[in-house]
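Visitor: I am new to this structure and would like to know how its labels are earned. Could you show it to me and take my questions one at a time?

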Amino acid sequence: MDWLKRIKRSKDARIQANPELATEIRRSFEAAASDEAHFPSVIDERIQHVRVVIEHMRTASTGVILDVGSGKGRFAAVVKRHYPQAHVVAFDLAGAMLASAPASLSRVCGSMLEIPFASSSVSGALAIESLEHAVDIDRALDEICRVLKPGGHLVIIDKNAEHWGRLQTPHWEKWFHRADLEDRLRKRCSSVSSRLISYWDDVEPDGLFLGWFAVK
Ligand SMILES: C[S@@+](CC[C@H](N)C(=O)[O-])C[C@H]1O[C@@H](n2cnc3c(N)ncnc32)[C@H](O)[C@@H]1O
């Protein structure tokens, strides 16, 4: 497969400096895979997070779509149902998460700090509540945008730093200020926007979730 090429890159400096942290994060999510209540394998398609992803992956509907930090692939599975011609890849650090992903998806285990895909090989990418665990955010964005084709769409949904403290978080987790992540994306993509996201159409966003949208 063209898109799956292991490329040689130097390891991320922070993870290299702290391999214990990388191991801790991976082990934590391997263990969390059995916690279906907090890490569900399915999602209601009416939830805005899902609909936003579907809308932004439309242009990639016949190409490769990469779900970065897919967990059990609940978003990827819906994308595949909507765009059956797409080659949808669930990509995650934790093999135990991927073990629950449906067979309709390709499953690839690895880190978003070193995505084992060829440059410009992916037509669309999504990262839902996963960038917050990347530790080296710029490195992860470099990698996601490297594998994205020019014109490819990227959707990131993550938590709003203005609401930091509202939930319990592991010590490595980071939330994002809207303008800060927009700026980081503008360094790598041509078209960038963001907005607050609610779960349901008839409920005003409570500010916790933000969606960032970019075109490379
Ligand atoms: C909160 S879960 C979200 C999963 C999925 N996106 C969803 O919404 O159901 C975060 C996921 O990111 C993965 N993850 C954390 N760090 C990662 C990394 N460096 N590279 C790839 N995946 C990572 C975890 O293993 C976990 O499955």
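Visitor: What makes β1 and β2 a pair?

Guide: In this predicted model, five bridges link strand β1 (residues 64–68) to strand β2 (residues 87–92). Pairing asks for at least two bridges, so β1 and β2 qualify, and they run parallel. One of these links joins D67 to its bridge partner A90 in β2. Between the strands the chain passes through α4, and this β-α-β crossover from β1 to β2 is right-handed.

Visitor: How do you know that β1 also pairs with β4?

Guide: By the same test: at least two bridges are needed, and β1 and β4 share three, in the parallel sense. Here I65 has G124 of β4 as its bridge partner.

Visitor: Why is β1 called mostly covered?

Guide: A residue is buried if 20 or more other C-beta atoms lie within 10 Å of its own, and five of the five residues in β1 are buried. In a regular strand, side chains alternate between the two faces of the sheet. On one side of β1 sit V64, L66 and V68, on the other I65 and D67, and all are buried, so both faces are covered.

Visitor: Why is R166 called partly exposed?

Guide: R166 has 13 C-beta neighbours inside 10 Å. Exposed would mean 12 or fewer and buried 20 or more, so R166 counts as partly exposed. You will find R166 in the loop between β5 (148–159) and α7 (178–186).

Visitor: And what about V135, buried or partly exposed?

Guide: V135 has 19 C-beta neighbours inside 10 Å, and because buried starts at 20, V135 counts as partly exposed. V135 lies in the loop between β4 and α6.

Visitor: What is notable about phi in E129?

Guide: E129 is not a glycine, yet its phi is positive, about 50 degrees. Most residues other than glycine have a negative phi. V135 also has a positive phi, near 70 degrees. E129 is found in the loop between β4 (122–128) and α6 (137–147), and with 16 C-beta neighbours inside 10 Å it counts as partly exposed.

Visitor: Which residues are closest to the ligand?

Guide: The closest are F29, G69, G71, S130 and H133, among 19 residues that surround the ligand. By class, this shell has 10 nonpolar, six polar and three charged residues. Helices α2 (19–32) and α4 (74–82) each supply at least two residues of the shell.

Definitions and conventions
Residues numbered from 1 in each chain as written. Predicted model: local features only at pLDDT ≥ 70, side-chain atom pairs only at ≥ 80, totals over all residues. Near = placed C-beta within 6 Å. Helix = DSSP H or I, 4+ residues; strand = E, 2+ residues; numbered from the N terminus. Nonpolar A, V, L, I, M, F, W, Y, C, P; charged D, E, K, R; others polar. Right-handed = clockwise from strand over helix to strand, strands pointing away.
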